[in-house]
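Okay, thanks for squeezing me in, everyone. I'd like to walk through a few local features, so let me put the sequence and the structure up first.

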Amino acid sequence: LPRIKTKMIPGPQSVKLTENLKRFECPQMTYVGGVYPVFFKRASASNIFDVDGNRYLDLTSAFGVLGVGHGSPAVLKALREESKNMVHGMGDVHPNESKVLLAKKLSEMTPGNLNQTIFSSTGFEAVESALKTAVMHTKKTGVVAFTGAYHGLGYGTLSVTHREDFKKPFLKQLGGFSYFAPFPDVRLHGNKATAVAMKALGSIVKKARRSKHPVGAVLIEPI
């Protein structure tokens with residue numbers, strides 16, 4: 001269970017580190033405000049410990065990256081063994097056998113004709129790969145995303161991110177290929193949420209047919 005030792009969150013060591021972070025890191029990188037940030041020191045299974053000794057439960061699996069938990073013995077063993085062989089493999093020029101085996105395994109696990117893989121380092125890279133794939137397949141450059149969407153901070157994903165606080169400084173550099181439909185949020189629209197979203201989506205697709213960016217993809221994150 002969580003165990004909080006300090007009177008306030010963040011604790012004094014986190015506050016001290018925040019001041020140094022504000023001094024030495026680009027201010028647009030780490031959010032600072034309210035109870036953020038809390039500086040983590042170590043983690044095990046679903047537990048995270050901060051620099052002040054407080055213990056928390058990680059209910060996000062590290063933003064979905066660590067579904068098997070922090071410090072999984074099996075994962076740590078694999079990391080140790082692979083690092084003995086090679087720390088960096090130039091995978092797009094000189095791949096290794098593991099790349100082939102993983103791509104094959106993913107092909108066997110995914111449904112339908114989804115039988116090829118693009119490996120990515122980050123979430124925004126994965127989304128940009130999807131945007132590129134859609135254009136190559138449909139020959140249509142328009143993309144429908146949804147209100148509230150956050151898909152990343154690369155220039156392609158920034159264009160389909162709805163939040164203006166991220167986009168505003170770069171609007172003159174972004175492509176105008178994105179459209180935004182209302183997210184089917186039952187908190188806002190009740191049992192009509194799906195109908196509201198679908199009606200807007202249909203209208204966007206119809207209007208976009210006459211523009212230079214007809215819709216070739218719909219991008220949605222259900223969580």
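Before I name anything, one cut-off: buried means under 20% relative accessible area, exposed means over 50%, and partly exposed is what sits in between. Also, keep in mind that this is a predicted model.

So, with that cut-off, is Ser-178 buried or exposed? Its relative accessible area is 18%, which is under 20%, so Ser-178 counts as buried. It belongs to strand β5, which covers residues 178-181. And what does the side chain of Ser-178 reach? That would be the backbone oxygen of Ser-159, at 2.8 Å. If you skip the neighbours within four places in sequence, Ser-178 is in contact with Val-143, Ser-159 and Val-160. So Ser-159 turns up both as a contact of Ser-178 and as the owner of that backbone oxygen, because a contact here just means heavy atoms within 4.5 Å.

Val-143 takes us over to strand β4, residues 142-146. How many of the five residues in β4 are buried? Five of the five, so the strand is mostly covered, going by the under-20% cut-off. You can see that on both faces: Gly-142, Val-144 and Phe-146 are buried on one side, and Val-143 and Ala-145 are buried on the other.

Now, what does β4 pair with? On one hand there's β5, joined to β4 by four bridges, with the two strands running parallel. On the other there's β6, residues 215-218, joined to β4 by three bridges, and that pair is parallel as well. Val-144 is a handy residue to click on here. Its bridge partner in β5 is Tyr-179, and its bridge partner in β6 is Val-218.

Okay, on to backbone geometry. As a reminder, most residues other than glycine have a negative phi, and most peptide bonds are trans. Here are the spots to look at with that in mind.

Which peptide bonds are cis? One joins Ile-9 and Pro-10, with omega at about 5°. Pro-10 lies in the segment before α1, and α1 itself is 12-24. Another goes from Tyr-36 to Pro-37, with omega near -5°. Pro-37 is in the loop between α1 and β1, where β1 is 40-44.

Then there's phi. Ser-61 isn't a glycine, yet its phi is positive, near 50°. Ala-62 isn't a glycine either, and its phi is positive too, about 55°. Ser-61 lies in helix α2, residues 61-64, and Ala-62 is found in α2 as well. As for accessibility, Ser-61 comes out at 27%, so it counts as partly exposed. Ala-62 has a relative accessible area of 25%, so it is partly exposed too.

Last stop, back at the start of the chain. Pro-2 sits in the segment before α1. With a relative accessible area of 46%, Pro-2 is partly exposed. Where does it end up in space relative to Leu-57? The two are 55 residues apart in sequence, but 6.0 Å apart from C-alpha to C-alpha. Not counting residues up to four places away in sequence, Pro-2 touches Arg-55 and Leu-57.

That's my tour. Happy to spin the model around if anyone wants another look.

Terms used. Residues are numbered from 1 along each chain as its sequence is written. This is a predicted model: local features need pLDDT of at least 70, side-chain atom pairs count only at pLDDT 80 or more; totals for chains, interfaces and linings use all residues. Side-chain values use heavy atoms; hydrogens and water are left out. Buried means under 20% relative accessible area, exposed over 50%, partly exposed in between (1.4 Å probe, protein chains only). A polar contact is a pair of N or O atoms within 3.5 Å; within protein, one must be able to donate a hydrogen and the other to accept it, and residues adjacent in sequence count only if both atoms are side-chain atoms. Two strands pair if DSSP finds at least two bridges between them.
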